[in-house]
Amino acid sequence: MAQREHFSGRVAVVCAMAGSAIGLGNIWRFPYMVGEHGGAAFVIIYIAATLLVSLPVFIAEVSLGRMSRCSAVGSMSKLRPGKKFWKGAGFLPFIIPLLIASYYSVIGGWALGFLFKSISGQMVSTAPEAAEGLFAQFQATGIQPITMHLLFLAGCSLILVFGVRSGIEKFSKLSLPVLFFLIVSMAVYSLNLPGSDGGVRYLLRPDFSQVGPSTFAYALGQSFYSLSLGTGAIITYGSYVRREENITSSCIGTAVCDLLFAVLAGFAIMPAVFAAGIEPSAGSGLIFQSIPYIFSSIGSAVPALGVVMSIVFFLTVVVAAMTSQISQMQVLLDVLQEKTGIGRRKGCLILFVVLGGLGCICALRTDILEGCDFLCCNVLLLIFSFLIMVFTGFVLGKERVREEITNSGIIRFPEKLFDVVFFLIKWVAPAAIALIFISNFIL
Ligand code: TRP
């Protein structure tokens, strides 16, 4: 068998995982979640949820991947051979990425479509009052969302062909700094708009009256989604991590990047939304329906600035969505190659055809897209991450986990700290996931 590729080092691991994590979840979902659930109060709960629950899940997923050195589908049955249950559970990290990758690419396509609109100047030449209608117009053509989805998917497939090291790693190492630069420019610009202080207050003022039991569920759900947990993506990337890498610090590095990016995106978007007098809780349409208004109004004053800022913004969205999409496709490619032994190129082509076809349904029907999103994020993702935690905590057990995260005792990990981490893995995380799962259906 061919030698499995490896990421070249810690920086590469963090860039690739952060590339998977940073995406539409940070740019549109996070700011709007913050607004709906108590501003800064939500951010505090979000950070706590990330540290206490998501981080242990993250560490468990990377460890599982590195221990098994195989696809997410095979990892659990490889580590616990002969048990039908775990073999069956391995089905989930095939179904989930298949669903997510097909509709995520459609949203990536929307962003790409809007990037073209920005480049052609249409974003700026549309009157501000009509800008909200751009999305509906784009959608109504039918052909545009499909073409853009296929184009976006083709770009991702192409990078995937180059492999883990020269494709994913190179692209992520390049795109991560660019993304940070772009989002910081957007934030600086937004914060200087007249009337932007409403947005800053919205993000920073804690409103504890809005915090209820469901806030915790939303905060944890957002944290999972944002870190790409529970889909097999992180297990798969874990399987490409070298033996001598420090898993814990790579996971912490990734979580910090993701959080930082989410906060920056909040500061880039919300002040602009307020300055333009737009309702901040527009949800999934927020960036596509209200952000064009901002660029169009800038453009009516200074056309060139409107064009440049809109290109910067949609380029950020496209690049961020690409790295996330690629991670999802790598999960599927691994499974495909493992099961059929086909080559990388052919695998990428098959993925392009299958995902392209499935995505067309979502490109035409946003209600189906939203249904898929709900099914994945609120149901399947939670079930799978719950199983991962039970597997790690109860089936693998403390000693094997210690072996893995200390690299067989080479990395010094204080005993007490390890006890805490393992307690979080075995008890706190599964309990929290189960609670969110239940709260989905009763709150
Ligand atoms: N983390 C991604 C984002 O913030 C969304 C996402 C969730 C994802 N699960 C995933 C992306 C799995 C790729 C693979 O946009």
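The legends below describe close-up views of a predicted model, covering one helix pair and several salt bridges.

**View 1. Packing of helix H6 against helix H17 in the predicted model****.** Helix H6, which spans residues 92-120, packs against helix H17, which spans residues 303-340, and the two axes lie 8 Å apart at an angle of about 160°. Because angles over 145 degrees count as roughly antiparallel, H6 and H17 are therefore described as roughly antiparallel to each other. The crossing in which H6 passes H17 is left-handed. Sorted by class, the residues in the contact of H6 with H17 comprise 22 nonpolar and 7 polar ones, with no charged residues.

**View 2. The salt bridge between Arg4 and Asp334****.** This pair is one of the 11 salt bridges that a search of the whole structure finds. The side chains of Arg4 and Asp334 meet with an N to O distance of 3.1 Å. Arg4 belongs to the segment before helix H1 (10-21), whereas Asp334 belongs to helix H17, so the pair ties together parts of the structure that are 330 residues apart in sequence. Asp334 has a relative accessible area of 5% and is therefore buried, since that term applies under 20% relative accessible area.

**View 3. The salt bridge between Asp197 and Arg201 within helix H12****.** Both residues of this pair lie in helix H12, which covers residues 197-204, and their separation of 4 residues corresponds to about one turn of the helix. Their side chains meet in a salt bridge with an N to O distance of 3.3 Å. Asp197 counts as partly exposed, with a relative accessibility of 45%, and Arg201 likewise counts as partly exposed, with a relative accessibility of 46%.

**View 4. The salt bridge between Glu244 and Arg242, with a network that includes Arg243****.** Glu244 and Arg242 form a salt bridge in which the closest N and O atoms are 3.9 Å apart, a distance to be read against the criterion of within 4 Å for such a pair. Glu244 counts as exposed at 54% relative accessibility, while Arg242, with a relative accessible area of 26%, is partly exposed; the cut-off that matters for this assignment is that exposed means over 50% relative accessible area. In addition, Arg66, Arg243 and Glu404 are joined into one network by salt bridges that share partners.

Technical notes. Residues numbered from 1 in each chain as written. Predicted model: local features only at pLDDT ≥ 70, side-chain atom pairs only at ≥ 80, totals over all residues. Heavy atoms only, no water. Axes fitted to C-alpha atoms, helices over the stretch in contact; angles between N-to-C directions. Helix = DSSP H or I, 4+ residues; strand = E, 2+ residues; numbered from the N terminus. Parallel < 35°, antiparallel > 145°, perpendicular 65-115°, else oblique. Left-handed = near helix turned anticlockwise from the far one by under 90°. Nonpolar A, V, L, I, M, F, W, Y, C, P; charged D, E, K, R; others polar. Buried < 20%, exposed > 50% of the residue type's maximum accessible area, 1.4 Å probe, protein only.
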